[in-house]
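Work through these exercises with the structure open beside you. Try each task before you read its solution.

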Amino acid sequence: MGKKIPTTVSFNLPDGTPVEIETGKLATLAAGSCVVKIGKTMLFAVVSASKEPREGQSFFPLSVDYQEKFASMGRIPGNFFRRESRLSDHEILVSRLVDRAMRPLFPKGFLNDIQIIINLISAEEETLPDAYAALAASAALSISGLPFEGPISEVRVARINGEFVINPTKSALKEADMDIILAATIDNIMMVEGEMQECQEKDLLEAMKIGHEAIIVQCKAQLELQELVKDQIIEIPFVPKEENEELKAEVLSLINDDIVAVAKSAFDKRNRKAGLDAAKEKVKTHYTEANGEEWIEENWRELGDYFEYHKKKIIREIVLEEKVRLDGRKLDEVRPIWTEVDYLPTAHGSAIFNRGETQSLTSLTLGSKTDKLMIDTAQELYFENFILHYNFPGYSVGEVKPMRGPGRREVGHANLAGRSLKQVFPKEFPYTIRLVSDIMESNGSSSMATVCAGSLAMMDAGIPLKAAVSGVAMGMIADGERYAILTDILGDEDALGDMDFKVTGTKDGICGCQMDIKVDGLSYEVLEQALMQAKEGRIHILNEMAKSLEDPRDDFKPHAPRIVELRIDKNFIGAVIGPGGRVIQELQATTNTVINIEEVDDQGVIQISSNNKESIDAALAAINAITFVPQVGDVYDAKAVTIQPYGVFVEFKGGKSGLVHISELSYERVEKVEDVLKEGDEFQVKLIGVEERTGKLRLSRKALLEKPEGYVEPPKRERKGGDRGGRRNDRRGGRDNRDRDNRNRR
């Protein structure tokens, strides 16, 4: 092995943006490491691996962790510890994107521990790093000496103003009506995930084709890097274990009839599992009797592998050849569905969606702006008003499972369901929404059950969705020229199939998708067939959902919180809040409401929330009083406060005050104000003017009285400014003469 020397390769994105891959500078003791640079954005990826698998290891221990360093954007983390800690949901989702694309590309039987760490170490606001994480990880793997059947890469494909763009900027992405992340090798697409605003199937296929072309360029750059540093690579050898063909054939002869019987029985999940477990126990009993328990202990893992191999192969063959599925359905048939809304009487919205042996109970809670979820990532800090949580307890599959926080799978399923439902969410909606999907039963496609139950729960709550959304999980079994596309797959079909393709949408188009492909050479024609079959299944499910609730309810539940929004002049924001927040705090306490105020578009936007209409009305009246601006010509109820010889000061709406001059009390001449009014009297006044310089309000009682017959307005007095000026000059002249006389005397 030669010493690692800094080496760089580069390529351009379709828009000409240069991308560099550098290795040999950082973390040179690791199996493989590299830095991907896009302008000032830098992602560091490193691969570590054990030389041999752990003893007794039965699964492939691959871990992928993507983490953003806050220093990359010149920020300090906002958590209590002020340091990067557990991965955020955003970082988990990026980690999953990389993991799902890479995991299938390691050879079967390779069980060495592998850890892939990807860090965002420098960032520009407009560059979205998630689209480059897999490129960095794959480049590091490609020079690690591990048996990785790559390289791969990922790109974001967005449709903006009708044009497909590869890895658009952050601001440009806001205008997109389609946003997907695509992963692929040079030859095959591995994974697709994204969201769309009711796009058509052909549009999604076109986006995949354009994305794959860009990925091919990136994969070739990695192969170039691999060739440049080949002398520095330390190979980690992997020799597949030789199979005992005789033993493998014996296992097949023992279980073939039993597996065929179960595969054709149309059993439910529990009985199917019991039948398969019985066949496996038959193998164990046979070899225990023949060779003893000690032999079984040494060879049971190998026997188990042969059992799983034959089980999968037998069931796949029956599906391909006889078009018979494990539960007896046709290939394009959806399991029986039943739904119910308003199941939880105290929730603000709720629904049960049951499809076969998969069931979601989803609840909805309405909240105010104070309930928004804070999202704090390296690149931005913002607040989210749509929250979806997905829970997968052990009892949903009949198992004992510790109650812990959500795992990566739960985070991923919640993200897919949430992104899909947000496509039909009203643009202007003052509430914060939290949806919680608790999976009661699971036999495949619980994330799609969450989409369906979530859509029903929102309509049950009275949220004005654009349209109902459903979801369906598609599967595929392929063997050379033969293939079978399966609608609404079972958990067992997912495990033995070659594709897991989840599609959500309305009757008019696709809202979200998540696809993992495990087979090489899948043609776009087969993908199109899968998409069209998914469309049929999606619309069938929507029709079943409509039997419970076809459109959103006209109003919220009686016990749901109400939010009234009003806009005020921004100059009144301080008056509503008060010194130290005293006014708004007192107002919330006395009216039992929650009040939020912020400046938006040069206006003050106030939200008042409560589950009591009278409380909202009281708070609204108080705020209107504070922000009230009198208009000339309007009439108000007033109260005499202070009597003066020249008029009366009154108070009226919103605590405003003004003067009713003695001349505006009556059409008749008034000698004394007390002859007409006294303090405490209530009467109506009309605003007849506002002093331009002082802002003082001029009010009139007379303007609201009936004008006497023959009344003639007295002429307005004209100021004799010249006379007054002359008198002032005379007085000033007299003073000057007296001053002169006094000086002469001195």
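Helices (H or I, at least four residues) and strands (E, at least two) are DSSP runs, numbered from the N terminus. Keep in mind that this is a predicted model.

**Exercise 1. Place Ala 468 in the chain, then find its contacts.**

Solution.
- Step 1: Look at the elements on either side. Ala 468 sits in the loop between helix 9 (446–461) and strand 18 (470–479).
- Step 2: Set aside neighbours within four places in sequence. Ala 468 then touches Ser 455, Met 459, Gly 505, Thr 506 and Leu 542.
- Step 3: Compare sequence with space. Ala 468 and Met 545 are 77 residues apart in sequence, and their C-alpha atoms are 8.7 Å apart.

**Exercise 2. Is Gln 67 buried or exposed? Find the partner of its side chain too.**

Solution.
- Step 1: Locate the residue. Gln 67 belongs to strand 5 (residues 62–68).
- Step 2: Apply the cut-off. Buried means under 20% relative accessible area. Gln 67 has 16% relative accessibility, so it counts as buried.
- Step 3: Follow the side chain. The side chain of Gln 67 reaches the backbone oxygen of Ser 85 at 3.1 Å.
- Step 4: List the contacts beyond four places in sequence. For Gln 67 they are Glu 84, Ser 85, Leu 87, Glu 91, Ile 118, Asn 119 and Leu 120.

**Exercise 3. Describe how helix 5 packs on helix 6.**

Solution.
- Step 1: Take the geometry. Helix 5 (residues 245–263) and helix 6 (residues 269–291) pack at about 155 degrees, with axes 10 Å apart.
- Step 2: Name the orientation. Angles over 145 degrees count as roughly antiparallel. Helix 5 is therefore roughly antiparallel to helix 6.
- Step 3: Give the handedness. Helix 5 passes helix 6 in a right-handed crossing.
- Step 4: Pick out residues in the contact. Helix 5 supplies residues including Leu 247, Leu 254 and Ile 259, and helix 6 supplies residues including Leu 276, Ala 279 and Val 283.
- Step 5: Sort by class. This contact of helix 5 with helix 6 has 10 nonpolar, two polar and four charged residues.

**Exercise 4. Describe the crossing of helix 6 and helix 7.**

Solution.
- Step 1: Take the geometry. The axes of helix 6 and helix 7 (residues 293–322) come within 10 Å and cross at roughly 145 degrees.
- Step 2: Give the handedness. Helix 6 passes helix 7 in a right-handed crossing.
- Step 3: Pick out residues. Among them are Leu 276, Ala 279 and Val 283 of helix 6, and Trp 295, Trp 300 and Phe 307 of helix 7.
- Step 4: Sort by class. The contact of helix 6 with helix 7 has nine nonpolar, three polar and five charged residues.

Methods:
Residues are numbered from 1 along each chain as its sequence is written. This is a predicted model: local features need pLDDT of at least 70, side-chain atom pairs count only at pLDDT 80 or more; totals for chains, interfaces and linings use all residues. Side-chain values use heavy atoms; hydrogens and water are left out. Axes are lines fitted to C-alpha atoms, for helices over the stretch in contact, and angles run from 0 to 180 degrees between N-to-C directions. Angles under 35 degrees count as roughly parallel, over 145 as roughly antiparallel, 65 to 115 as roughly perpendicular and the rest as oblique. A crossing is left-handed if the near helix is turned anticlockwise from the far one by less than a right angle, and right-handed if clockwise. Contact means heavy atoms within 4.5 Å. Ala, Val, Leu, Ile, Met, Phe, Trp, Tyr, Cys and Pro count as nonpolar, Asp, Glu, Lys and Arg as charged, and the others, Gly among them, as polar. Buried means under 20% relative accessible area, exposed over 50%, partly exposed in between (1.4 Å probe, protein chains only). A polar contact is a pair of N or O atoms within 3.5 Å; within protein, one must be able to donate a hydrogen and the other to accept it, and residues adjacent in sequence count only if both atoms are side-chain atoms.
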